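Have the sequence and the 3D view open side by side while reading. The paragraphs below go from helices to surface to charged pairs.

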Amino acid sequence: MLKNNILDKGDLKSKLAQRTALIAALCAAGLALGKFSLFLLSGSLVVALSAWDSAIDMLVSLINRKIVAYSRLDADDNHPYGHGRVESIAALGQGCLITGGAIGIMASSGRQIYDYFFENIKIHFHASWNQVIFFGFAAAVSLFVTKLLKNNGKKLNSPALLADSEHYKVDLVTNLASGLAIIFVILIGNSILDPIIAFVFSIYIIFGAFGLIKTSINELMDHDILDEVKLKAKEIIKKTDNRIEDIHRFRGRKSGHKYFFDFHVTLPDDLSFHEVHLIIEKIEKSLEESFESDVIVHADPSSVRIKI
């Protein structure tokens, strides 16, 4: 019965993750189309940066819709530990895509800045208040999608959705930067501010992408799980049965949305094999109800206690 409930919950979570990714993709598609149109009209590199970011967001969100479904497939003969790591691979790819786009805009911005100051080549940028209003609306949409992805990413423990939320956070910043650049050009009348702002925010975007890449690599390399997750898991184990004397050799790793725990517990010598089995089953069920997890428990008798 518990197994069926876990499977039902997993299916609901998969559908929620897919729906979240689809909403994000539709929002990004609308923003990318609008920004690309503005870029053709204005020639702004900041607008180009923001349009590129939204286009990548749309592509990644569509891919994520498939990835989050695939990552939650049951383990099989070829993937005995499940398919969760595909989410970490996707997050790594997202970080690389963001970095590549930002470097391209940085190179274009640097070229325009050089031409302006050293070659005396003017920058043509047609700015208007309508563009400022559009980017204010785009920032509001990006904020909505960022919160949606972050909240559901945490709820579903999904690296792919959390990585996508970082995309949209970057998009929020570039929308605000675009609006700010256009306001400066309108008020000051100097278009050089456009490539300068684009260059500065490209650096910001790259730093954010490096954070995604680092997190993804840590998961793929079986980096230790967060201390708060370990403490929570150990508290659950201790509360399972008052005959558990200690927990030792505790190890954990994360694969996509799923945790893998293995550890030893010390139990009294006078327990029967059947009693020990029931305690272990109870521990496994308690952890599986609190985490999407795979649990391996080894029981040690207190007479051969192993120091933690």
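What follows is a walk through selected parts of this structure, which is a predicted model.

Start with two helices, H5 and H6. H5 covers residues 159-188, and H6 covers 193-220. Their axes come within 9 Å and cross at roughly 170 degrees. An angle over 145 degrees counts as roughly antiparallel, so H5 is roughly antiparallel to H6. Residues of H5 that take part in the contact include Pro 159, His 167, Val 173, Phe 184 and Ile 188. On the H6 side, the residues met by H5 include Leu 193, Ile 197, Tyr 204, Ile 205, Leu 212 and Glu 219.

Next, bring in helix H3, which spans 85-118. Ile 98 has its place in this helix. Is Ile 98 buried or exposed? Its relative accessible area is 5%, and buried means under 20%, so Ile 98 is buried. Leaving aside residues up to four places away in sequence, Ile 98 touches His 167, Ile 205, Ala 209 and Leu 212. Of these contacts, His 167 belongs to H5, while Ile 205 and Leu 212 belong to H6. The C-alpha atoms of Ile 98 and Gly 208 are separated by 8.9 Å, although the two residues are 110 residues apart along the chain.

Ser 88 is another residue of H3. With a relative accessibility of 1%, Ser 88 counts as buried. Again without residues up to four places away in sequence, the contacts of Ser 88 are Ser 216, Glu 219, Leu 220 and Gly 256.

Now turn to the surface. Tyr 114, Phe 117, Phe 118, Ile 196 and Val 200 make a nonpolar patch of about 520 Å². Which helices supply at least two residues each to the nonpolar patch? They are H3 and H6. H3 gives the most, with three residues. Ile 196 lies in H6, and its relative accessible area of 31% makes it partly exposed. A patch residue needs over 30% relative accessible area, so Ile 196, at 31%, meets that cut-off.

The last topic is the charged pairs. How many salt bridges are there in the count? The count comes to nine salt bridges. One of them joins the side chains of Arg 253 and Asp 222, at 3.8 Å from N to O. This pair links distant parts of the chain, 31 residues apart: Arg 253 is in strand S1 (residues 246-255), and Asp 222 is in the loop between H6 and helix H7 (227-240). Asp 222 has a relative accessible area of 38% and is partly exposed.

Asp 224 forms a salt bridge with Lys 230, and the closest N and O atoms are 2.7 Å apart. The partners fall into separate classes of exposure: Asp 224, at 42% relative accessibility, counts as partly exposed, whereas Lys 230, at 19%, is buried. The cut-off for buried is under 20%, so Lys 230 falls within it.

A salt bridge also joins the side chains of Arg 251 and Asp 262, at 3.2 Å from N to O. Here the link runs between strand S1, which holds Arg 251, and strand S2 (residues 258-267), which holds Asp 262; the two residues are 11 residues apart. Arg 251 counts as exposed at 56% relative accessibility, and Asp 262 counts as partly exposed at 23%. Finally, salt bridges that share partners join Arg 85, Asp 222 and Arg 253 into one network.

Terms used. Residues numbered from 1 in each chain as written. Predicted model: local features only at pLDDT ≥ 70, side-chain atom pairs only at ≥ 80, totals over all residues. Heavy atoms only, no water. Patch = residues over 30% accessible without salt bridge, like charges linked within 9 Å, V, L, I, M, F, W, Y side chains within 5 Å. Areas by Shrake-Rupley, 256 points an atom, 1.4 Å probe, with all protein chains shown as cover. Salt bridge = Lys/Arg side-chain N within 4 Å of Asp/Glu carboxyl O. Helix = DSSP H or I, 4+ residues; strand = E, 2+ residues; numbered from the N terminus. Buried < 20%, exposed > 50% of the residue type's maximum accessible area, 1.4 Å probe, protein only. Contact = heavy atoms within 4.5 Å. Axes fitted to C-alpha atoms, helices over the stretch in contact; angles between N-to-C directions. Parallel < 35°, antiparallel > 145°, perpendicular 65-115°, else oblique.
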